Amino acid sequence: QNFGRIIFMSSLNSQIPIPGYGYYAAAKAALETTMKYVAAEYGKYQVTANTLRLGVIKTERNKKYWRRDSIREKMEASISLGRLGEPQDLNLAVDTLLDPKSFIQGTVLEISGGFRLPF
């Protein structure tokens, strides 16, 4: 059909080492590299491949962290926008990458609210 959109989901853990998440981080880093190859190999078919690298998004998967005030406050202090992400914060990025006119190819878009390591 000469058209397609692939969006890979990654994590800041691919770039920021957090004890206990080594295998997860390695898998996400491999996924980001895979995306680059998919973009290079399938672009000629008008298939785009991009990655969303997510920061802390309030989902069921990480609820054990953000539902505790003390942990949530520490995480929020590491985000320049001062809050954790909500699932709907991904909407604009996803819509842009899915747009048939999109010229975005082979890139990693970080959606983290400006996460930085605390110093």
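**Figure 1. Met-35 and the residues it touches.** Once neighbours within four places in sequence are set aside, Met-35 is in contact with Phe-8, Ala-49, Asn-50, Thr-51, Gly-106, Thr-107 and Val-108. Keep in mind that this is a predicted model. Met-35 sits in helix 1, and with 0% relative accessibility it counts as buried. One of its contacts is Phe-8: the two are 27 residues apart along the chain, yet their C-alpha atoms are separated by 7.0 Å.

**Figure 2. Helix 1 over the strands.** Zooming out from Met-35, we get the helix that holds it. Helix 1 covers residues 22–42 and lies across strand 1, strand 2 and strand 3. Against strand 1, helix 1 runs at about 160°.

**Figure 3. The three-stranded sheet.** Here the three strands make an open sheet, ordered 1-2-3, with parallel pairing. Strand 1 (4–11) and strand 3 (108–111) take the edges with a single partner strand each, so one side of each has no neighbour in the sheet. On average, neighbouring strands are turned by 25° against each other, ignoring direction. Strand 1 and strand 2 run parallel and are joined by eight bridges, while four bridges link strand 2 to strand 3, again parallel. To find your way around the pairings, look for Arg-5 opposite Thr-48 in strand 2, and for Arg-53 opposite Glu-110 in strand 3.

**Figure 4. Strand 2, residue by residue.** How many of the eight residues of strand 2 are buried? Eight of the eight are, so strand 2 is largely enclosed by the rest of the structure. The strand spans residues 47–54. Val-47, Ala-49, Thr-51 and Arg-53 point one way, Thr-48, Asn-50, Leu-52 and Leu-54 point the other way, and all are buried. Two residues from the first set, Ala-49 and Thr-51, turn up among the contacts of Met-35, and so does Asn-50 from the second.

**Figure 5. Gln-46 and Asn-2, with positive phi.** Most residues other than glycine have a negative phi. Gln-46 is not a glycine, but its phi is positive, at about 65°. You'll find Gln-46 in the loop between helix 1 and strand 2. With a relative accessible area of 49%, Gln-46 is partly exposed; the cut-off for exposed is over 50%. Asn-2 is another non-glycine residue with a positive phi, in this case near 55°. Look for Asn-2 in the segment before strand 1.

**Figure 6. Ile-16 in its loop.** Ile-16 belongs to the loop between strand 1 and helix 1. Is Ile-16 buried or exposed? Its relative accessibility is 15%, so Ile-16 counts as buried, the cut-off being under 20%. Not counting residues up to four places away in sequence, Ile-16 touches Phe-115 and Leu-117. For a sense of distance to strand 2, take Leu-54, one of the residues of that strand: Ile-16 and Leu-54 are 38 residues apart in sequence and 12 Å apart in space, C-alpha to C-alpha.

**Figure 7. Gly-113, past the end of strand 3.** Gly-113 falls in the segment after strand 3. At 24% relative accessibility, Gly-113 counts as partly exposed. Which residues does Gly-113 touch, not counting those up to four places away in sequence? They are Ile-79, Ser-80 and Leu-81. Ile-57 makes a handy distance marker: the C-alpha atoms of Gly-113 and Ile-57 are separated by 9.7 Å, with their positions 56 residues apart along the chain.

**Figure 8. Putting the views back into the whole chain.** In total, the protein has four helices and three strands, and along the sequence the pattern reads β-α-β-α-α-α-β. Its C-alpha atoms fill a box of roughly 50 × 30 × 25 Å along the principal axes. Of the 119 residues, 34% are buried. Take the contacts between residues at least 6 apart in sequence: 71% of them join residues at least 24 apart. The protein exposes about 7900 Å², with carbon and sulfur atoms supplying 57% of that area. As for charge, there are 16 positive and 11 negative charges, and their mean positions are 4 Å apart.

Terms used. Residues are numbered from 1 along each chain as its sequence is written. This is a predicted model: local features need pLDDT of at least 70, side-chain atom pairs count only at pLDDT 80 or more; totals for chains, interfaces and linings use all residues. Side-chain values use heavy atoms; hydrogens and water are left out. Two strands pair if DSSP finds at least two bridges between them. Axes are lines fitted to C-alpha atoms, for helices over the stretch in contact, and angles run from 0 to 180 degrees between N-to-C directions. Contact means heavy atoms within 4.5 Å. Buried means under 20% relative accessible area, exposed over 50%, partly exposed in between (1.4 Å probe, protein chains only). Accessible areas come from the Shrake-Rupley method with a 1.4 Å probe; for residues, only the protein chains shown count as cover. Lys and Arg count as positive and Asp and Glu as negative; His and the chain ends are not counted. The place of a charge is taken as NZ of Lys, CZ of Arg, CG of Asp or CD of Glu.
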